[in-house]
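The following note collects comments on the model for a colleague who works with computed coordinates. Please read the points alongside the structure shown here.

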Amino acid sequence: MRIAIGSDHAGFNLKGQLVRHLQTLGHEVVDVGTSSDEVTDYPLHARAAATEVAGGRCDRGIVIDGAGIGSAMVANKVPGIRAALAYDLSTARNSREHNDANVLTLGAGLIGPKLAEEIVSLWLQARCTEERHLRRVGQIEGPVAASASQPSQQTIAGPAQISEEDLSRILHEVQRLAEGRQGQMMTPPSIRSGRSAASVVRRGSPPVEADRMCEGIARFIDHTLLRPEATEAEIRKLCAQAREWSFIAVCVNPLWTPLAARELRGSPVKVCSVVGFPLGASPAEVKALEARRAIREGAREIDMVIPVGALKGGDEVAVLRDIRAVVEACRDGSALCKVIIETAFLTDEEKRAACRQARRAGAGFVKTSTGFGPGGATVEDVALMAAEVAGSGMGVKAAGGIRTLADARKMIEAGATRIGTSRGVEIAREAREAPAHASWRAS
């Protein structure tokens, strides 16, 4: 790959290191300056790198300044450029897989050399392939085409008290829930717009939205069976139910991963296996091996348990090392890693620390509970975790004690983007059978 790279004086030293790193990886590098650590203006070099990419002379661009923000702004002024600032592995991956960024900006004052190399390597490897992401990238380049997703004039003519703007927003929210195929990247209504799905329905969505809401809630659900006495027949039934209700995943113990993979072959339902479960007390190397085996056997998602005792003892380095070992195994196998922090054992500060380390390690999710601890998910814990990982591209999985649609709704409104429950069928059925207006009013 031919890569344009530039920096101002603040990013000069890091640029040199990244040039060597890129060459080691076999890439051809076009250095657009600066050539020393004398003070210079970042727009000059950001624009130069972006122009090389926009002109087709380079495949990608990388620009470094003190914070990476100004260079992103400059590069995005060049037609055809989609520049993104990345400060960790999650933002790097997200900028490629979701936004097809062709210019990466880095802040030399925000990240160290090793992390910068990891970010660059990941960013160059990641691809934007999902149809929905490609469609949205196309919309970045031009006006959004009129489509069936936009409200018709007849729809807009609903209750007189509701403005067209409100209705448009309502339908957008309902459609987003119905389309929620990748719950980990969803931003819940309460965080993004300050409005809940309940308010969406209350404000006048037509009855037909009940089915769409049912589909929406189903796509939040990891249909879970982790009881030690679960039988083969029960696992088969779990998978059949997940197919029928279009849940996003089934979550099973490692023993059942191959069976679940066979049962769900050809289905969009993913297999999630657990690692270090339920105590989290295995060595990091063992957890990584568990993860790699589960992925080989068909798991596309891994729910791992952190070493809770290490965290409570203040050894965050050990926690980070533990999570990172599993994240790397997942990354090698293109699987998603969810980190169970077992909130019922932790103080609020320990919960925040666990989320920070999961974020640093590049995990995809933080998850509240195993279901085997002294307590399950709470609204307060989900809100705390969502706030701690906000802006990272990470999701929050609420698990443990979620038995009804009302329970699920509370978690989603608090910030959960995935629900782990053994009551998925009952929740989805409740959403389908309840009147549209009542389904989100239950609590």
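1. Helix H4 (residues 89-97) is mostly covered, with eight of its nine residues buried. Buried here means under 20% relative accessible area, exposed means over 50%, and partly exposed lies in between (1.4 Å probe, protein chains only). Helices (H or I, at least four residues) and strands (E, at least two) are DSSP runs, numbered from the N terminus. The model is predicted: local features need pLDDT of at least 70 and side-chain atom pairs count only at pLDDT 80 or more, while totals for chains, interfaces and linings use all residues. Residues are numbered from 1 along each chain as its sequence is written, and side-chain values use heavy atoms, with hydrogens and water left out.

2. The buried residues of H4 include Leu89, Thr91, Arg93, Asn94 and Arg96. They pack against S3, S4, H5, helix H16 (316-332) and helix H17 (348-361), where contact means heavy atoms within 4.5 Å.

3. Strands S3 and S4 belong to an open sheet of five strands, in the order S2-S1-S3-S5-S4 and with parallel pairing. Strand S2 (28-31) and strand S4 (83-85) stand at the edges with a single partner strand each, so one side of each has no neighbour in the sheet. The twist averages 25 degrees from one strand to the next. Two strands pair if DSSP finds at least two bridges between them.

4. At the S4 edge, three bridges join S4 to strand S5 (residues 103-107), and the two run parallel. The bridge partner of alanine 83 in S5 is valine 103. Helix H5 (residues 113-125) packs on the sheet, touching S1, S3 and S5, and its direction makes about 165 degrees with that of S5. Axes are lines fitted to C-alpha atoms, for helices over the stretch in contact, and angles run from 0 to 180 degrees between N-to-C directions.

5. Helix H1 (residues 12-24) lies across strand S1 (2-7), S2, strand S3 (60-65) and S5, and runs at about 165 degrees to S1.

6. A closed barrel of eight strands, with parallel pairing, follows the order S6-S7-S8-S9-S10-S11-S12-S13. Its twist averages 25 degrees from one strand to the next. Within the barrel, four bridges join the parallel strands S7 (residues 249-252) and S8 (residues 270-275). Alanine 249 stands opposite lysine 270 in S8.

7. How many disulfides are counted? The count is zero, a disulfide being a pair of cysteine sulfur atoms within 2.5 Å. The sulfur of cysteine 337 lies 4.4 Å from the closest cysteine sulfur, in cysteine 330, which is too far for a bond. Cysteine 337 counts as buried because its relative accessibility is 4%.
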